[in-house]
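Trainee: I would like to learn how to read a model of this kind one feature at a time. Where should we begin?

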Amino acid sequence: MSETKNAVLKYDGKEYQLPVKIGSEGEIGIVTKKLRPETGLITYDPGYGSTGSCSSAITFINGEKGILRYRGYPIEQLAENSSFVEVMYLLLYGELPKPQEMKDFEYNISRHTILHEDMKKFFEGFPPNAHPMTVLSTMVAAMAAYYPKTDYAEDRKNNIIRLLAKVPTIAAFSYKKSIGHPFIYPDNSLDYVSNFLKMMFAIPSEEYTVNPVVKKSLEKLLILHADHEQNASASTVRMVGSTEANLFHSISAGIHALSGPLHGAANQKVIEMLEKIQKDGGDYEKYMKMAKDKSSGFRLMGFGHRVYKNFDPRAVILKKSADDVLKALQVEDPLLDIAKNLEAIALEDDYFVQRKLYPNVDFYSGIIYRALGIPTNMFTVMFALGRLPGWVSQWKEINDDPEFRIHRPRQIYTGYNERQYVPLDQRS
Ligand SMILES: CC(C)(COP(=O)(O)OP(=O)(O)OC[C@H]1O[C@@H](n2cnc3c(N)ncnc32)[C@H](O)[C@@H]1OP(=O)(O)O)[C@@H](O)C(=O)NCCC(=O)NCCS
């Protein structure tokens, strides 16, 4: 990375030199760190579409070309060849693990999967219909009470392992609680994804064997969700982390950010939308018209992306995966046909073409989760489980950053100018 060129800002008869930062893939950022002290001006970019909040070596996205790489490795190669745990290691430590490193990492995670027994009582306090995302974020925040030591690199390392190990347990327990089934304790002889499946789907009265198609498909889904640079939840994790808040609080904040329908909850919303269309006689053309009519308040969920303006490489992988998984599991899902029909018209439609709106990762992921037997209200939890190593890596990066500063944006104030207080009995 270099800062060789300058940009020039002319304002009010004066000229200012602003240094430029060039990333390893050639993106250029005008460095405005000293803009306010030197000029009194600030930048104004609601929604941060043109703002770089940090430099990061974790994930590279080129939205115009549909490129997504973790630590330089193309998402297509990782989805095809890697495991979720290997991708976790890659994101966290920057390199693919060597065989012994992989063994140690897997072993460490498997030693921390059990929750403190007292934490189990929290699940009893939630109403039965509590959304599993609410349960997940609460339980992750509560981990800070059980693992409060954050003083040394060793504490930090241990807490990262604890978090990665316990989130699948929390997620599966929240599901079991919602359906009134007994909790299934972790089985440390299983790999990460198989253990999660067992905790989700086993019951004490029956033997459970992991279906390899389900496992492979879930590995792929989790890998595809593992990081996505400075999206709303990762930026939230960094924002909270910048206050030196501990790991658990920072990640819990990220889970809250993910719960919104414009972010992680879009996968649940896609299925609800497809079900609605199906109940309405499958008239997808009617819904396409509604999506184009702003007064309808209806958006085509799973379409559009702030960064991808050509195609979302994750959606391409998942579209194929949806076909393969449904076939292998012999599941017929009419929602897949509705989804494909919607996509086909949208790709030809002027409204969508002009605005560069394409299916995103959430468009097909829900259909695969359904086929795997994962209930709709758990979809966003699955997204959180996948995104966990990304959030932790972003949190770790900000904590190791020599330019570390609390995040504190400015604003353009548009409210009242100074006015005088009026006592209550004198207000009309
Ligand atoms: C993802 C999303 C939040 C990106 O938002 P954004 O970058 O701020 O884009 P905007 O909301 O400014 O949208 C740009 C234009 O496309 C339209 N648009 C965007 N997504 C749309 C959708 N899913 N259906 C219909 N119109 C859409 C907007 O109305 C806007 O039209 P306009 O220029 O005429 O006003 C947005 O596309 C969306 O709401 N998608 C549905 C939710 C979703 O799938 N989220 C998961 C993201 S991984």
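Mentor: Begin with burial. A residue is called exposed if 12 or fewer other C-beta atoms lie within 10 Å of its own, buried if 20 or more do, and partly exposed in between. Keep in mind that this is a predicted model.

Trainee: Is Asp12 buried or exposed by that count?

Mentor: Asp12 has 7 other C-beta atoms within 10 Å, so it is exposed. It sits in the loop between strand 1 (6-11) and strand 2 (14-22).

Trainee: What is the phi of Asp12?

Mentor: Phi of Asp12 is positive, about 55 degrees, although the residue is not a glycine. Asp12 belongs to the turn of a hairpin that strand 1 and strand 2 form, with two residues between them.

Trainee: How do I read the pairing of those two strands?

Mentor: Strands of a sheet pair through backbone hydrogen bonds, in a parallel or an antiparallel sense. Here strand 1 and strand 2 are antiparallel, with six bridges. One position to look at is Lys10, which stands opposite Glu15 in strand 2.

Trainee: How many of the six residues of strand 1 are buried?

Mentor: The count is zero, and strand 1 is hardly covered.

Trainee: Which other non-glycine residue should I check for a positive phi?

Mentor: Take Tyr48, with phi near 60 degrees. Tyr48 is in the loop between helix 1 (35-39) and strand 4. It has 13 C-beta neighbours inside 10 Å and therefore counts as partly exposed.

Trainee: Strand 4 follows that loop. How should I read the side chains of a strand?

Mentor: The general idea is that side chains in a regular strand alternate between the two faces of the sheet. In strand 4 (residues 59-62), Thr59 and Ile61 point to one face and are buried. Phe60 and Asn62 point to the other face and are not buried.

Trainee: How many bridges join strand 4 to strand 5?

Mentor: There are four, and strand 4 runs antiparallel to strand 5 (residues 67-70). Ile61 faces Leu68 in strand 5, and Asn62 has Ile67 as its bridge partner. These two strands also make a hairpin, with four residues between them. Gly66, in the turn, has a positive phi of about 70 degrees.

Trainee: What is the strand order of the sheet that holds strand 4?

Mentor: The order is 4-5-6, in an open sheet of three strands with antiparallel pairing. Strand 4 and strand 6 (73-74) stand at the edges with a single partner strand each, so one side of each lacks a neighbour in the sheet.

Trainee: Let us turn to a buried loop residue. Where is Ala226 found?

Mentor: Ala226 lies in the loop between helix 9 (212-225) and helix 10 (232-241). It is buried, because 26 other C-beta atoms lie within 10 Å, and the cut-off is 20 or more.

Trainee: Which residues is Ala226 in contact with, leaving aside its neighbours within four places in sequence?

Mentor: They are Tyr70, Val87, Leu91, Gly386, Arg387, Pro389 and Gly390. Gly390 is 164 residues away from Ala226 along the chain, yet their C-alpha atoms are separated by 5.4 Å.

Trainee: How is the protein chain divided into domains?

Mentor: The domain assignment gives domain 1 (6-67) and domain 2 (75-409). Their centres, taken over C-alpha atoms, are 31 Å apart. Across the boundary, 12 residues of domain 1 are in contact with 18 residues of domain 2. On the domain 1 side, the touching residues comprise four nonpolar, six polar and two charged.

Trainee: Which residues come nearest to the ligand?

Mentor: Of the 16 residues around it, the nearest are Ala266, Arg299, Phe303, Gly304 and Arg306. The shell around the ligand is made up of eight nonpolar, four polar and four charged residues.

Trainee: How do I read the protein chain as a whole?

Mentor: Start with the secondary structure, which comes to 18 helices and six strands. The radius of gyration is 24 Å, close to the 22 Å that the globule rule gives for 428 residues, so the chain is as compact as a globular protein of that length. By the burial count, 39% of the 428 residues are buried. Among contacts between residues at least 6 apart in sequence, 70% join residues at least 24 apart.

Key:
Residues numbered from 1 in each chain as written. Predicted model: local features only at pLDDT ≥ 70, side-chain atom pairs only at ≥ 80, totals over all residues. Contact = placed C-beta atoms within 7 Å. Pairing = 2+ DSSP bridges. Near = placed C-beta within 6 Å. Nonpolar A, V, L, I, M, F, W, Y, C, P; charged D, E, K, R; others polar. Domains from an automatic or database assignment. Rg over C-alpha atoms; globule rule 2.2 N^0.38 Å.
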